[in-house]
Amino acid sequence: QMQLVESGGGLVQAGGSLRLSCAASGRTFSNYAMGWFRQAPGKEREFVAAISWSGANTYYADSVKGRFTISRDNAKNTVYLEMNSLKPEDTAVYYCAARFMPYTSSSRDYTGRSDYAYWGQGTQVTVSS
């Protein structure tokens, strides 16, 4: 089992920034692609961003491209999501997720939530207008 613990959520005004962190344990972190998903009230959980095992490849939903940046530190077993220019529609619970994939693959292999085996408990992000 891999354990994932998110942190860094909170309340921020529109236009502000937050940095989410996800600490992993229990498995060899560098064997896993990592993703961030979010779920707003009444909506399905949706893909936000993903990063390959090495950090060399990143993928983003169109709604966050240019505003969010995903990164990872394999020495610290941690993945990050830097969120800038936040909008009220970014309000959601943000989840990090892990998929065993110690190789680089096509972008569609990083965006499906059913492909990720391990999930954190989520952290709330609220953006006020």
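## Charges

Let's start with the charged side chains in this predicted model. The protein chain carries 13 positive and 10 negative charges, and the mean positions of the two groups lie 3 Å apart.

## Overall build

What pattern does the protein chain follow along the sequence? Reading along, you meet β-β-β-β-β-β-β-β-β-α-β-β. In total that's 11 strands and 1 helix. The radius of gyration is 14 Å, close to the 14 Å that the globule rule gives for 129 residues, so the chain is as compact as a globular protein of that length.

If you draw a box around the C-alpha atoms along the principal axes, you get roughly 40 × 25 × 25 Å. Now take the contacts between residues at least 6 apart in sequence: 61% of them join residues at least 24 apart.

## Surface and inside

The accessible surface of the protein chain is about 6,300 Å², and carbon and sulfur atoms account for 45% of it. As for the inside, 43% of the 129 residues are buried.

## The nonpolar core

In soluble globular proteins, nonpolar side chains tend to be buried together. Here, the largest nonpolar core has 40 residues. Which of them have the most contacts inside it? They are Leu4, Met34, Trp36, Leu81, Met83 and Tyr94. Several strands each supply at least two residues of this core, including strand 4 (32-39), strand 8 (78-83) and strand 9 (92-100).

Leu4 is a good one to find in the structure. Leaving aside residues up to four places away in sequence, Leu4 touches Met34, Cys22 and Cys96, among others. Its contacts also include Tyr118, Trp119, Gly120 and Gln121.

Note on methods:
Residues are numbered from 1 along each chain as its sequence is written. This is a predicted model: local features need pLDDT of at least 70, side-chain atom pairs count only at pLDDT 80 or more; totals for chains, interfaces and linings use all residues. Side-chain values use heavy atoms; hydrogens and water are left out. Helices (H or I, at least four residues) and strands (E, at least two) are DSSP runs, numbered from the N terminus. The radius of gyration is taken over C-alpha atoms; the globule rule is 2.2 Å times the number of residues to the power 0.38. Buried means under 20% relative accessible area, exposed over 50%, partly exposed in between (1.4 Å probe, protein chains only). Contact means heavy atoms within 4.5 Å. Accessible areas come from the Shrake-Rupley method with a 1.4 Å probe; for residues, only the protein chains shown count as cover. Lys and Arg count as positive and Asp and Glu as negative; His and the chain ends are not counted. The place of a charge is taken as NZ of Lys, CZ of Arg, CG of Asp or CD of Glu. A nonpolar core is a set of buried Ala, Val, Leu, Ile, Met, Phe, Trp, Tyr and Cys residues joined through side-chain atoms within 4.5 Å.
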